[in-house]
Structures are given as structure tokens and as C-alpha cells.
Amino acid sequence: MTVKHPRRRRSAPWLAIMAGVISLTAAGAAVVILAELKLTRLVPGGLGESFSTRIYAAPFELAPDRFYIIDELTRRLDRAGYHRTPTSTVAPQPGEYKWVEPELTVNLRGFKTPVFHQDPGVFRMTRGASDHWALVDASSNPVDEALIEPELAAELSGPNKVRRDPATWDEYPQSLVNAVVAVEDRRFFTHHGIDARSIGRALFFNIRNRKRLQGGSTITQQLAKNLFLTHKRTLRRKLVEAALAVYLDFRYSKQKILTLYLNQIYMGQDGFVSVAGVKAAADFYFAKPLNTLSLSESATLAGLIRSPYRYNPIQNEQAARERRDTVLSVMQETGYLSLQEAEAAKKTPIPTWKRVVSDGNSSDNDYFVAEVVRRILPRYNEDMLFRYGLKIHTTLDPVMQAAAQKAVRMTHQQAALVALDPGSGRVLALVGGKQYRESQFNRASQAMRQPGSAFKPFVYGAALETGLTPATIVHDEPRAFTDGSKVWAPQNFDRVYRGDVTMRQALASSLNGATLDLAQRIGTPTVIKFARKLGIQSALDKSLAIALGVSEVTPLELTAGYAPFVNGGFEVEPYLVTAVFDASDNLLELAAPERTSVLDPALAYLMTSMLETTVTGGTAQGLAGLGWTHPSAGKTGTTNEGKDAWFVGYTAELLAGVWVGDDEGKSVNLTGAKNAIPIWAAFMTSVAGARPKVPFEKPTGVVTAKIDPTTGLLARSGCPTRSDEMFVAGTEPTRSCSIHAGGIKGFFQRLFKKKAENEPV
């Protein structure tokens with residue numbers, strides 16, 4: 001029996017075709033409407049829109065049982081935009097504060113960021129003994145903390161931070177048009193918005209190299225993306241981008257499209273003002289009108305489009321020159337230049353024009369923000385960083401930053417200053433020069449310089465770990481070392497040698513001869529290992545010269561290396577960024593700082609104690625004459641011929657390092673005591689001078705014994721000099737001094753010795 005199944009009714013082919021046509025028409029209409037709405041809002045020149053990336057300082061915390069100075073509190077409130085009430089009887093409104101001894105009343109506006117949150121409301125702080133405060137809310141309930149809004153440290157783009165100068169087609173030199181087309185879209189004048197060959201080549205590359213995606217965008221597609229779309233790399237966005245590019249090619253002439261493109265592309269940073277468009281870039285990089293650019297300069301600007309940060313001719317002349325030469329070679333390959341023209345242009349030097357940032361565009365935060373940008377740029381492309389509204393939260397303390405910048409401007413030489421929270425590694429202030437508008441080179445984080453004697457604490461710390469003590473005797477005497485035909489004979493700074501001295505005395509007086517004796521005794525591998533675990537990452541010399549600080553480091557690196565001495569033996573990684581969010585407050589990254597225990601707390605305290613002696617009676621004792629008398633520890637450093645001067649010092653709460661020198665390494669007769677210490681003292685006095693004088697906390701496991709400093713052994717009654725010395729328990733000397741007799745015999749020995757010393761020679 002045959003069963004007949006009913007036949008399915010098939011849709012007519014024309015219905016499917018019609019549905020597809022309607023869908024494509026609707027999509028196309030949507031694209032056209034979107035484009036037209038956007039294009040009608042463009043200002044003359046087709047500048048498009050961008051969203052500023054904002055970089056924030058850390059919020060300031062109000063907490064109970066903390067030490068605050070009323071002047072500091074009101075200064076921070078003023079910086080955050082709070083206003084003092086006109087009279088003491090007026091209740092503060094949101095954004096206002098009132099000070100009536102002993103109570104500070106603040107009406108916090110409240111804020112919410114992806115990192116911090118503070119409810120609005122009235123909070124009262126009452127000053128108690130020793131400037132410690134109580135904190136309550138409007139109902140007099142105790143409060144654990146209240147936060148003042150974080151300051152906006154910098155805005156990398158936005159309506160008030162973008163320099164654009166639209167140009168007309170007639171202003172573009174032909175060499176610039178040729179250079180841009182050659183390297184960005186060589187078939188620009190023949191395709192219709194999209195380039196099938198480029199898309200196919202990029203697709204083939206992406207299939208074979210999934211980890212390194214390659215784009216196939218034409219100039220028209222780049223313009224469409226910049227004007228209408230986001231930075232997200234999705235197939236849907238690329239399809240819409242292609243459709244918009246075709247529409248733009250249909251709507252505008254090639255000259256108009258290229259004019260729009262060259263007027264709105266991002267071309268770099270003038271301080272924290274974004275430079276947009278090639279006309280503004282010509283003025284910024286070369287101080288020339290656009291239509292007067294040479295072939296070499298046109299190729300340089302065309303090369304910048306790919307990465308204005310990497311190929312910046314002001315900051316990286318070599319990379320800019322290599323990129324320019326690549327552009328010239330491509331122009332020659334595509335027929336825009338002859339071989340002779342290309343080679344002649346390659347021999348032209350790129351002018352080292354040092355641009356001065358316009359008045360009002362530079363601030364105390366510039367060097368800190370520049371370092372933030374330098375650190376996060378490898379994780380975000382430039383388009384995303386400077387156009388798509390990131391929110392970057394940092395560790396910056398703006399009051400400390402202002403004080404640091406002011407202190408650095410004291411010197412006639414270039415200088416750098418870094419201030420850290422030694423317990424966490426938070427960078428509170430970072431200044432890389434006197435004026436950012438004059439030089440964008442960040443000496444705090446990028447200058448590799450010899451630390452000189454400022455490296456010696458790593459030598460002495462390594463010695464303590466081997467079992468030596470601050471009382472161990474080392475020999476301070478002239479030394480000469482031969483390497484083939486070369487003789488190295490380092491000398492003490494004052495050319496005077498002390499003979500046998502304790503490690504404490506040798507470090508305090510920064511004796512080169514004694515330090516070399518110590519380094520030779522423990523071995524340079526021990527010194528290198530110790531420096532590495534405290535955070536020194538730069539290349540280190542394997543010879544004895546390492547002990548005298550010949551290996552180059554950055555000020556930030558060296559300063560952070562001192563942190564374990566004050567924080568109980570923990571190595572910290574200095575960091576500036578706490579979190580990054582996109583424009584929709586989606587978390588992109590969150591700092592997770594780690595502390596690694598690398599040094600026994602007792603040994604760390606011994607190092608601090610020895611470095612205290614440097615301040616109280618050694619090379620840094622000039623601090624007292626500058627008015628700084630807080631318990632402090634630190635070490636000066638001076639390199640050969642006075643090329644570099646250093647001081648890295650700390651209190652129990654704050655660590656700061658200063659470098660002073662010449663960018664080109666010229667001999668300028670500097671010393672750490674004369675040139676670096678005054679800057680350090682000025683900064684510390686400003687930010688911590690009024691704070692209580694807190695001594696360093698001695699951990700368990702440290703004992704004290706009275707020794708004879710001439711022998712390092714336990715003192716006896718006949719010793720002419722006796723001093724208290726600290727030791728890790730179990731390492732203190734067990735034998736008494738054997739060269740000084742006690743009793744009557746010792747009395748006459750000392751008497752005749754003194755008489756002999758006073759006789760004329």
C-alpha cells in the first residue's frame with residue numbers, strides 16, 4: 001500500500017529575495033540616518049567627538065585617632081573645592097566646612113567611583129591631645145572613616161584639553177598627502193571606501209596568526225570609526241564600519257574625506273593637551289606652518305599616525321627617524337619618490353625642537369601623570385587611552401606632589417624626587433624635573449644614573465646577613481686593583497683614611513676604603529643577591545666597583561630598595577595606578593600589591609639604626625642645620641667628579657629619594673650633602689615637619705651592649721671610648737677589649753699616651 005505524504009508548500013524564491021532586499025535596505029537606511037545625524041553635528045572641519053580620559057589622585061581619608069594639623073585639613077578641603085562658611089555661626093551646606101576650635105565640621109558632598117564610595121552628610125572632627133582627632137557623624141555616632149573626594153589630577157582629552165587647528169585642502173603639501181596615502185592606504189584614490197585586497201590580506205594573516213590580529217582598514221574606514229563608532233574589535237562593528245566607509249565615499253569627494261581625516265586624527269600630547277590634526281602637529285613638532293613642511297617632515301608626521309607616543313620626535317628621535325625612513329621607502333616603492341629623493345630625505349636630520357607647553361597647561365602633577373601614562377600605555381592602545389573616556393585612579397597625594405615639585409625647583413640643576421609609602425609601595429609623589437613644560441624627560445623613573453655611596457646600604461645589609469655586626473671592624477686604607485694594564489685606585493672623598501673602624505662608623509662616614517674591604521670580605525655575589533631581593537632590577541656590575549655604586553639605577557628603583565629597612569623587612573613594588581575603568585565603569589584592571597618578606601626584622605632595624613647615625617653624625621648631619629630634627633635615617637651619594645648627587649632618607653612613615661645632576665652626565669661639582677639634602681629637607685619639612693617626632697620601633701630580637709669602638713669588643717673600665725651598640729640577639733660580642741688595661745695600670749697608660757699625643761712632632 002502506498003502512502004502519499006502531502007507535499008510541503010515551498011516559499012516562492014522571490015519572497016526570500018524580497019525579504020533580503022528589505023533587510024539590507026533597512027540596514028542601509030539605518031546606517032545612512034546614523035551617518036547623517038552625526039555629520040550634521042560636526043563642527044567645521046569635521047573634528048568629530050572624543051571622550052576625555054580622567055586621571056584621579058587618591059582620596060584623602062579622615063579617620064579617628066589620627067594626627068592631623070588643622071592647616072593641612074583646611075588646605076585639602078580648599079583644594080577639593082570646599083568653601084569655609086562666612087561666619088562661625090552658619091551651619092555648613094554641602095561643599096562647605098566650618099572651623100571653631102576645637103571642632104571642624106564638614107558637610108561632605110559625597111561621591112561614588114568604582115573604587116571608593118562616600119555618602120553625603122555632615123561630619124564633625126574634634127581635636128584632642130597631641131593633635132589626634134575624634135570623628136562622628138551628624139548624630140554624634142562614631143565613624144571609622146570619611147573620605148574627601150579625589151582630585152582630578154589630569155584630563156587627557158576632552159573639549160578643553162584638545163588642540164585642533166583645521167586645515168583646508170589647499171594647505172596640505174603634496175608631500176604630506178603622498179606620504180599619508182602611501183603608508184596608510186595606497187589605493188585610497190581608486191577604491192570606493194573599502195579595499196578588497198587589503199581586507200583579503202588581513203583576513204589571511206589573521207587566520208594564520210590568531211594572537212596578532214591585523215587590520216585592513218582604509219583611510220575612509222578609519223575616518224568612519226573615529227567619527228561614528230567605538231574602539232571594540234567585533235565583526236559587527238567592522239561590517240558597520242565598512243558600510244559607513246562606502247557611504248562616506250559616495251557622499252564626499254576623495255579630497256573632502258582626506259581633509260576630514262587629516263583634521264581629526266590624534267597626533268600626540270603637548271603636556272596633557274591632545275594634539276589633533278596635522279596642522280596643529282606641524283606647529284607643535286616643527287614650529288612651522290603646515291604648507292611649509294619639507295619632505296622629511298611630512299614623512300615624519302605620516303609616520304606618527306601609527307603611534308604618536310612611540311614615534312614622537314621630541315621624546316624618541318631615533319624611533320621617529322627610523323619610522324620616517326620607513327615611510328620614505330614606502331613612498332619610493334609606490335612611485336611617489338625616486339630612489340635619489342628618498343635617500344636624500346633620509347639623510348636630513350629631524351630637528352630637535354623643544355616645544356614649550358602653553359601657559360596654563362602645565363601643573364605640579366605633570367610628571368606623575370606622565371609616568372602613569374607611560375606605564376599603562378602598553379596595556380591600552382593610544383586611541384583607547386586618549387579618546388574613549390577611561391577613568392584611572394592613582395596613588396597620588398596632590399599636596400605632597402605640589403611640595404615635591406616646589407622643592408625640586410629650588411636647585412639650579414635638573415633634579416628628581418620620589419616619595420613612597422614604605423609599607424605598601426604606593427608612590428605618593430613623583431617629580432622628574434624642574435619644569436615639565438621645558439623637558440618631558442622623567443628623571444625620576446627613566447634616568448639611569450650611578451648612585452655612588454647611596455648604594456652602600458645594600459653592601460652593609462648583605463654583610464649583616466652573613467653574620468657580621470655594626471661593631472665588626474673593617475679596614476679603611478688606600479686600595480688599588482689591577483685589570484690588565486688598567487689600575488683602579490678609588491679614594492675616600494676627603495682623601496683621609498681612618499684605619500680600623502666599625503661598620504657603623506664606616507657607613508656613617510661613607511668610607512670607600514672600608515666599604516671595599518667589607519665587599520671583598522663577603523663577595524660581590526652576596527651583594528648582588530641582597531640588592532636583587534630588595535628590589536633592584538637594573539644590571540649590576542660583578543666587580544668590587546659595585547660596592548661604590550657604579551651600577552646605574554633610577555631614582556624610583558633606588559628609593560624603593562630602601563623600603564625593607566623601614567617596613568620590617570618587606571620588599572615592595574612601587575606602584576602608581578590603583579584601578580582602571582572604562583567609560584561605562586567596567587573594571588579593566590585593579591592593583592593587587594604584594595609584600596614579600598625578604599629581610600629579618602631585626603636586621604632591617606639594625607640597618608635603620610646605622611643609617612640614623614649617618615644623619616646624626618655622618619655625611620647627612622647637615623639636615624639638623626636645615627631645621628630637620630625628626631628621627632630619620634638615610635644615605636648620601638656622590639659620584640665621580642660631582643656628576644650626580646643623591647640622598648635617600650626616611651622617617652617611620654615616609655620614604656623619599658632625591659637625585660640632582662646634569663642630563664648629559666657633565667661634571668658639575670655636586671655632592672649629596674650640598675645639593676640633594678636641602679631638597680629632601682625642604683620637601684619633608686613641608687609635608688611632615690609639623691608631625692610628631694616618632695622614633696623607629698625596635699622589634700624583638702635586638703639587644704644592646706656597650707663596646708669599645710676601636711676593637712668592636714665589649715668595653716671594659718680601661719677603654720678610653722665606650723658606646724652602646726645594637727646586635728641581633730646571639731651575635732653580640734662575648735669577649736672584652738684586650739688592648740686597654742683597667743685599674744691603676746690603665747690609668748697611667750692612658751695618661752702617658754695622651755701626653756705623647758700632645759707633644760709637638
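This section describes the overall composition of the protein chain and then one of its sheets together with a helix that lies across it. The model is predicted.

The protein chain has 761 residues, of which 53% count as buried. Its secondary structure amounts to 25 helices and 31 strands. Among contacts between residues at least 6 apart in sequence, 68% link residues separated by at least 24 positions. The accessible surface of the chain is about 36,100 Å², and carbon and sulfur atoms contribute 53% of this area.

Strands of a sheet pair through backbone hydrogen bonds, in either a parallel or an antiparallel manner. In the open sheet considered here, three strands follow the order β12-β14-β13, with mixed pairing. The edges are occupied by β12 (162-164) and β13 (266-270); each of these has a single partner strand, so one side of each is left without a neighbour in the sheet. On average, neighbouring strands of this sheet are turned by 30° against each other when direction is ignored.

The pairing of β12 with β14 (residues 273-276) is parallel and comprises three bridges. Within this pairing, R163 has V275 of β14 as its bridge partner.

The sheet is also contacted by a helix. Helix α8, spanning residues 278-286, lies across β12, β13 and β14. Relative to β13, helix α8 runs at about 40°.

Definitions and conventions
Residues numbered from 1 in each chain as written. Predicted model: local features only at pLDDT ≥ 70, side-chain atom pairs only at ≥ 80, totals over all residues. Heavy atoms only, no water. Helix = DSSP H or I, 4+ residues; strand = E, 2+ residues; numbered from the N terminus. Buried < 20%, exposed > 50% of the residue type's maximum accessible area, 1.4 Å probe, protein only. Contact = heavy atoms within 4.5 Å. Areas by Shrake-Rupley, 256 points an atom, 1.4 Å probe, with all protein chains shown as cover. Pairing = 2+ DSSP bridges. Axes fitted to C-alpha atoms, helices over the stretch in contact; angles between N-to-C directions.
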